[in-house]
Amino acid sequence: MILTRRKQAEQAMDIALQSQIGEEERFGDLMRRMARENKTAVISFFIIILMILAAAAAPLLTPYGENEMDLMHRLSAPSAEHLLGTDEGGRDVLTRLLYGARVSLLIGVVPALLSLILGAVLGVIAGYRGGIADAVIMRLADVTLAFPSMLLAMVIMYALGGGILNVFLTLTLVNWANVSRVVRAQTLQLKNSEFAEAARITGVSGGKIMRRHILPNCLPTLLVLFTLNIPASILTESSLSFLGLGIQPPNASWGLMINTGRQYLYNAPWLCFAPGAAIMLTVLGFNFLGNGLLDVLDPRQKKQ
Amino acid sequence: MKNSLLHRLAQAAIVLTGVVMMIFVMLRIVPGNPIETMMGEHADAATVARMTAEMGLDQPLHIQFFRYVSSAIRGDFGTSYSLGKPVSQLMGSAFINTLMLALSAALFAWTVGIGCGILSAVHKNRLPDRIFMGFSLLGISLPVFMAAMFLQYIFAFRLQWLPLSGTESWKSFILPGIALGWNSAGQVAQITRTALLETLQEDYIDTARAKGRGPIGVLTRHALRNAMLPVITMMAIQFSGLLSGAVITETVFSINGIGRLMVQGISGRDIPLLQGTALLATAIVILGSLAADCLYSVLDPRIRVKGE
């Protein structure tokens, strides 16, 4: 995990350093180009949309309730009535999977967004103000990145306790550092650009330059980081929940389903493998999409 | 070169100090007195007070911190609340198991990863490339616990080729090694492929070809030697990542390593144990990336010259 984070950050940093992305092509054109050139990214995009729709429409798609027990049919194998079988309480696994998608997707998106905001704000301040603010923020980022993300998450979850809000907070604290480093690098570049210079000369305040001129120019990079932070969050949460440190019952995230299903791995393997496949599909989808965005936005890739 | 190395060392020391402080503070903001938690609800107040004083938990935070650091430097990480043994002793025996696990994972990841990467690069954009790169993406997206349980289910439970769990023989490390190394194999394959493709476009490759070297000679004598540079650096970082990232694998396969100790530290609300293991794991990662940097400058003469 730490390596993927590092690699992604480096690559995003490359984009940041070549900040002329927006100049030749408008964002809409870039997206159209991605749609033309990268079929995998497009397919992933639709899979993700489909998954969000399925999660939202869960009550319409399944006749069973989220926590509807049926003790007569415990641990039954996949059949026509229960497409993915039932769990130890006789609950329909597909139903739990659909409701679990709500939690798991939320856990992907919310911390990714929060860490994006936190990281962008700190990064732009560090880059623009420099001096002590820069030193403090960047040392904090260094220390955060020095932890293996899973380990940091475990220690923070221990301090905060379980529950979905704490999972949000933990994943935000784990993921902000990458974002802030990339945004800082980009800010350093943009700070000396002509338009920032012009704004300064006309007397625009530092805060306004950061908000109005620098951050909007970081948006393409932020979009990539956002897309790649989602699967990272989902994976970390599922690992935390797998260890019993994340989401607490009766909420059902995919990681928690695997955690409870693990005891029945040998007689009811679908309890683990169904949510596992769901996690994989989602993570793969977001990774493909993120890499597609990265390819389109990274000027280095154009040459090849 | 010496200067930049010293600089990196100083940086690593600062980060390590920051990490110790961060872990220390985070574990101290947990509500409740750890002694009370440890002794249960029926402990009498006098005993709790005596124990708290004995462990120095009534001191101000910064004094506790300096005490902890000064004894940690001497190799004393305190005594585990839940297991009643010195943390350093517990970590020592667990570390051997984790090291074995990380070694087997690295062996798998590096042989398979480099092999697949080379084959992919040589057959760029043809079938083998697509298959291997598909696999490596799968490897990166597959959560470790899924890989671990899947392997356990198929090869240990269904086929009964290998032991389900434990650390009795070398065979016990095969499945956990693959599960843990799977992710890294994907990364190594990708980076090998990219590095090799880049190297194959260099002028000296054309020169070697023009001199009449066969394709295999060009690959092994000229291209691979240069392409391996980023791969080797990555491997150094990866190894420390494997050492510290084994929590899940150790849990699934019941291997008594550092990761499991950490989980024990959490479930037993055992601060010294959790603190010690978290510190050890993070220190390994920091030292690993330091080693990677040094290795890089040793291996790449261009950097050595630039730094001087």
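Start by selecting Gly244(A): this glycine follows α11(A) and has a positive phi, near 80°. You are looking at a predicted model, so treat this as a walk through computed coordinates.

**Stop 1: along α11 of chain A**

From Gly244(A), step back into the helix that precedes it. Helix α11 of chain A covers residues 206–242, 37 residues in total. Put a distance between its end C-alpha atoms and you should read 46 Å, short of the 54 Å that a straight helix would reach at 1.5 Å a residue. Where does α11(A) bend? Centre on Leu219(A), where the bend is about 50°. Show the side chain of Pro220(A) as well, a proline that follows within four residues of Leu219(A).

For contrast, hop over to helix α4 of chain B, residues 61–73. Its 13 residues reach 18 Å from first C-alpha to last, close to the 18 Å expected at 1.5 Å a residue. After α4(B) comes Gly75(B), with a positive phi near 90°.

**Stop 2: chain A as a whole**

Zoom out and show chain A as a cartoon. You will find 14 helices and zero strands. Of its 304 residues, 49% count as buried. Now think about contacts between residues at least 6 apart in sequence: in chain A, 72% of them join residues at least 24 apart.

Colour chain A by pLDDT next. The mean is 80, and 87% of the residues reach 70 or more. Which helices mark the two ends of the confidence scale in chain A? Helix α6, residues 93–129, has the highest confidence, at 89, while helix α14, residues 299–303, has the lowest, at a mean of 48. Where pLDDT is low, the predicted coordinates should not be read in detail.

**Stop 3: Trp270 of chain A**

Select Trp270(A), which sits in helix α13 of chain A, residues 270–297. Is Trp270(A) buried or exposed? Trp270(A) is buried, because 23 other C-beta atoms lie within 10 Å. Leaving aside residues up to four places away in sequence, Trp270(A) touches Pro78(A), Leu84(A), Gly85(A) and Val93(A). Add Thr86(A) to the selection too: 184 residues separate it from Trp270(A) in sequence, yet the C-alpha atoms of the pair are 8.7 Å apart.

**Stop 4: where the chains meet**

Bring chain B back into view. Here 38 residues of chain B are in contact with 34 residues of chain A. On the chain B side, the elements giving two or more residues include α1 (2–28), α7 (144–158) and α13 (271–299). Select α1(B) before the others, since you can see there the element that gives the most to this side, with eight residues. Colour the chain B side by residue type and you get 29 nonpolar, nine polar and no charged residues.

**Stop 5: α12 of chain B and its flanking loops**

Select α12(B), a mostly covered helix in which seven of ten residues are buried. The buried ones are Ile258(B), Gly259(B), Arg260(B), Leu261(B), Met262(B), Gly265(B) and Ile266(B). What do these buried residues pack against? They meet α8 (149–160) of chain A together with α5 (87–122), α11 and α13 of chain B.

Two residues in the loops beside this helix deserve a look. Ser254(B) lies in the loop between α11 and α12 of chain B. Its phi is near 50°, a positive value in a residue other than glycine. Ser254(B) is partly exposed, with 13 other C-beta atoms within 10 Å.

In the loop between α12 and α13 of chain B, select Arg269(B). Arg269(B) is not a glycine either, and has a positive phi of about 45°. With 16 C-beta neighbours inside 10 Å, Arg269(B) counts as partly exposed.

**Stop 6: the nonpolar core**

Finish with the largest nonpolar core, which has 157 residues. Its members with the most contacts inside it are Ala153(A), Met154(A), Phe145(B), Ala148(B), Ala179(B) and Val188(B). Highlight α6(A) as well, which gives the most to this core, with 17 residues.

For a last close-up, centre on Ala148(B). Beyond residues up to four places away in sequence, Ala148(B) touches Pro176(B), Ala179(B), Ile248(B), Thr249(B), Val252(B) and Phe253(B).

How values were computed: Residues numbered from 1 in each chain as written. Chains lettered and ligands numbered in written order. pLDDT = per-residue confidence, 0-100. Expected span 1.5 Å × (residues − 1). Bend = angle between axes of the 7 residues up to and from the residue. Contact = placed C-beta atoms within 7 Å. Nonpolar A, V, L, I, M, F, W, Y, C, P; charged D, E, K, R; others polar. Buried ≥ 20, exposed ≤ 12 C-beta atoms within 10 Å, placed from the backbone. Core = buried A, V, L, I, M, F, W, Y, C linked by C-beta atoms within 7 Å.
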